[in-house]
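Colleague: Please take a close look at the annotated positions and say how far each one is buried or exposed. After that, I would like a careful account of the strands and helices, with every cut-off stated as you go.

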Amino acid sequence: MPTVHLLDYVAGNVRSLVNAINKVGYEVEWVRSPSDLKNAEKLILPGVGHFGHCLSQLAEGGYLEHIKQHIESGKPFMGICVGLQALFNGSEEDPDVPGTGLIPMRMKRFDATTKSVPHIGWNSAVNTSSGDSDNQTFYGLNPESKYYYVHSYAALYEPGILEKDGWSVATATYKDEEFIGAIARGNVFATQFHPEKSGQAGLRTLRAFLNGNQVQSLKQTSTTGRKEDGLTRRIIACLDVRTNDAGDLVVTKGDQYDVREKSGVDAGGQVRNLGKPVDMAKKYYEQGADEITFLNITSFRNCPLVDTPMLEILRRASETVFVPLTIGGGIKDTVDTDGTHFSALDVATMYFKSGADKVSIGSDAVTAAEQFYEAGKRLSGQTAIETISKAYGNQAVVVSVDPKRVYVSRPEDTNHHTIKSKYPNAAGQDYCWYQCTIKGGRESRDLDVRQLVQAVEAMGAGEILLNCIDKDGSNSGFDLELINDVKAAIKIPVIASSGAGVPDHFAEVFDHTTTDAALGAGMFHRGEYTVSAVKDHLKSKGLLIRDFETDF
């Protein structure tokens with residue numbers, strides 16, 4: 001197989017990029033030292049996280065000048081995410097660290113007063129010159145396709161400025177801001193989106209670069225993907241994974257976190273077995289799921305950390321699933337079976353190297369929030385959220401929240417933030433606050449959901465997975481009041497979870513809240529509805545979603 005050189009400076013999940021490169025027919029050769037760049041014909045620089053950290057690492061390692069020389073020599077170069085940002089003069093994220101200066105612009109932070117930041121999800125990459133080039137595009141980009149973005153800083157688009165210098169530019173729009181999604185000139189191609197996480201559309205783009213097919217004609221001629229379309233509604237499939245009584249890893253789902261059968265042939269307390277994790281993840285990917293989340297609900301206490309079965313699940317899933325993968329459960333400081341201490345950052349790094357794009361932190365986030373308030377809202381710098389987000393970026397850290405309603409007669413009856421609900425309890429009380437829980441909802445804490453999400457946002461969490469104890473397993477729809485209350489309290493994206501039973505529940509949550517994504521589990525696992533059925537329903541309601549492309 002032909003080869004491409006890949007420079008990894010600890011850039012998060014590069015396993016998926018390697019798998020994508022293999023998928024399109026190339027082998028990877030790793031750049032281990034600056035001298036390796038002399039032998040590189042095609043070079044890819046991936047990147048996630050902090051601009052200053054990325055550029056500083058490259059400079060301190062002696063790579064930056066060699067990258068510039070590679071580009072100046074005319075050899076093919078591709079930058080991904082921060083790899084694109086490195087081509088610019090600099091970034092507001094770290095004004096003191098310069099970029100390579102190939103593109104005379106600076107990265108700017110999205111305006112968080114009008115939208116959630118980071119910008120996470122599927123957006124367009126529309127060639128700004130497509131109307132003047134006889135329906136041609138560069139490197140397989142298609143205005144009808146959607147690509148996966150995750151970033152807080154972007155190069156805001158200024159019409160004609162770069163084009164007059166010979167650059168081909170493709171843009172996306174996030175609410176009121178148009179930004180550069182991809183750019184190319186000569187031997188240089190760079191994407192703000194992640195092609196390895198953009199399904200078949202991303203694989204097509206990656207193959208076009210590696211094959212040197214810069215200019216291509218589009219098969220489609222419609223303009224359904226024009227820049228005004230912007231960000232799609234994300235549908236996430238969630239898989240609760242644990243061992244059954246025979247020791248096999250299975251996907252399970254229960255009511256109020258009870259995953260054992262109550263009736264039928266498996267009555268007698270057997271763990272409910274809904275399928276194999278890797279097979280089900282692939283199925284949901286092929287149905288059009290925008291992301292896959294694995295929640296580890298088995299402790300694996302007697303298993304060496306490096307042999308944890310969830311690592312193998314990620315490795316295998318990332319070979320066939322080219323959308324973002326999130327892993328939750330066990331992301332914390334750990335003492336291994338041989339007594340070795342591993343920090344939460346160490347554990348997260350293992351998951352990233354195995355194929356995860358994000359890690360989800362649950363109960364430990366509640367403890368960290370309590371300590372945050374006890375310290376007078378001062379950051380310790382030592383929590384799992386802080387250490388992981390500092391190393392891999394805010395977008396790599398999801399906090400999973402499990403609140404439940406506590407009703408009161410009057411707001412004055414509690415020192416917690418309350419809402420007036422449209423749904424009073426049996427006693428007629430219509431005020432309530434949302435109490436945080438830990439250990440799968442089994443233990444309550446004196447902390448409300450607003451306090452929790454604001455604390456973890458301050459620590460560096462990039463997204464909230466918002467469950468609801470009252471709704472879990474009910475198939476009665478999402479808790480819209482909870483979602484709106486949390487969305488009003490923070491700027492980072494929110495994933496609505498718990499309660500989805502029919503496709504219209506997804507339409508309802510997108511219509512009545514400003515949630516950034518919605519998650520389903522049991523309705524998919526039981527085969528009652530497919531992910532594609534949910535998306536078809538949303539399309540019929542006029543909502544913008546990503547279509548699954550069948551080939552690349």
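Modeller: G330 counts as partly exposed, because its relative accessibility is 38%, where buried means under 20% relative accessible area, exposed means over 50% and partly exposed lies in between (1.4 Å probe, protein chains only). This is a predicted model, in which local features need pLDDT of at least 70 and side-chain atom pairs count only at pLDDT 80 or more, while totals for chains, interfaces and linings use all residues. Residues are numbered from 1 along each chain as its sequence is written, and side-chain values use heavy atoms, with hydrogens and water left out.

G330 and N467 both carry the feature "binding site" in UniProt, from an unreviewed entry, and C81 is listed there under "binding site" as well, again from an unreviewed entry. UniProt positions are given in the numbering used here, with feature names shortened, and such annotations may be inferred rather than shown by experiment. G330 sits in the loop between β19 (325-328) and β20 (334-335), where helices (H or I, at least four residues) and strands (E, at least two) are DSSP runs numbered from the N terminus. N467 belongs to the loop between β28 (463-466) and α12 (480-487), and with a relative accessible area of 9% N467 is buried. C81 lies in the loop between β4 (77-80) and α4 (82-85).

The cysteines can be taken next. Zero disulfides are found in a search of the whole structure, a disulfide being a pair of cysteine sulfur atoms within 2.5 Å. C81 is in no disulfide, and the nearest cysteine sulfur, that of C54, is 9.4 Å away; at 3% relative accessibility, C81 counts as buried. C238 is likewise in no disulfide, with the nearest cysteine sulfur, that of C468, 15 Å away, and at 5% relative accessibility C238 counts as buried.

C238 leads to strand β16 (residues 234-243), which is largely enclosed by the rest of the structure because ten of its ten residues are buried. In a regular strand the side chains alternate between the two faces of the sheet. For β16 both faces are covered, with R234, I236, C238, D240 and R242 buried on one side, and I235, A237, L239, V241 and T243 buried on the other. As for its neighbours, two strands pair if DSSP finds at least two bridges between them. β16 runs parallel to strand β30 (residues 517-520), to which four bridges join it, and I236 stands opposite L519 in β30. With strand β18 (residues 291-296) β16 pairs in the parallel sense over six bridges, and there V241 faces N296. With strand β17 (residues 249-252) the pairing of β16 is antiparallel, over four bridges, and V251 in β17 is the bridge partner of V241.

Strand β10 (residues 147-151) can be described in similar terms: five of its five residues are buried, so β10 is largely enclosed by the rest of the structure. Y147, Y149 and H151 point one way from β10, whereas Y148 and V150 point the other way, and all are buried. Five bridges join β10 to strand β7 (residues 119-123) in an antiparallel arrangement, in which H119 has H151 as its bridge partner in β10.

There is also an open sheet of three strands, with the order β5-β6-β11 and mixed pairing. β5 (88-91) and β11 (153-154) stand at its edges with a single partner strand each, so one side of each is left without a neighbour in the sheet. Strand β6 (residues 103-109) and β11 are paired in the antiparallel sense over two bridges, and R109 has Y153 as its bridge partner in β11.

Turning to helices, α12, the helix that closes the loop holding N467, packs against helix α11 (residues 449-459) at an angle of about 40°, the axes being 10 Å apart. Axes are lines fitted to C-alpha atoms, for helices over the stretch in contact, and angles run from 0 to 180 degrees between N-to-C directions. Angles under 35 degrees count as roughly parallel, over 145 as roughly antiparallel, 65 to 115 as roughly perpendicular and the rest as oblique; α11 and α12 are therefore oblique to each other. In helix α6 (residues 277-287), the buried residues are P277, V278, M280, A281, Y284, Y285 and Q287, and just after α6, G288 takes a positive phi of about 105°.
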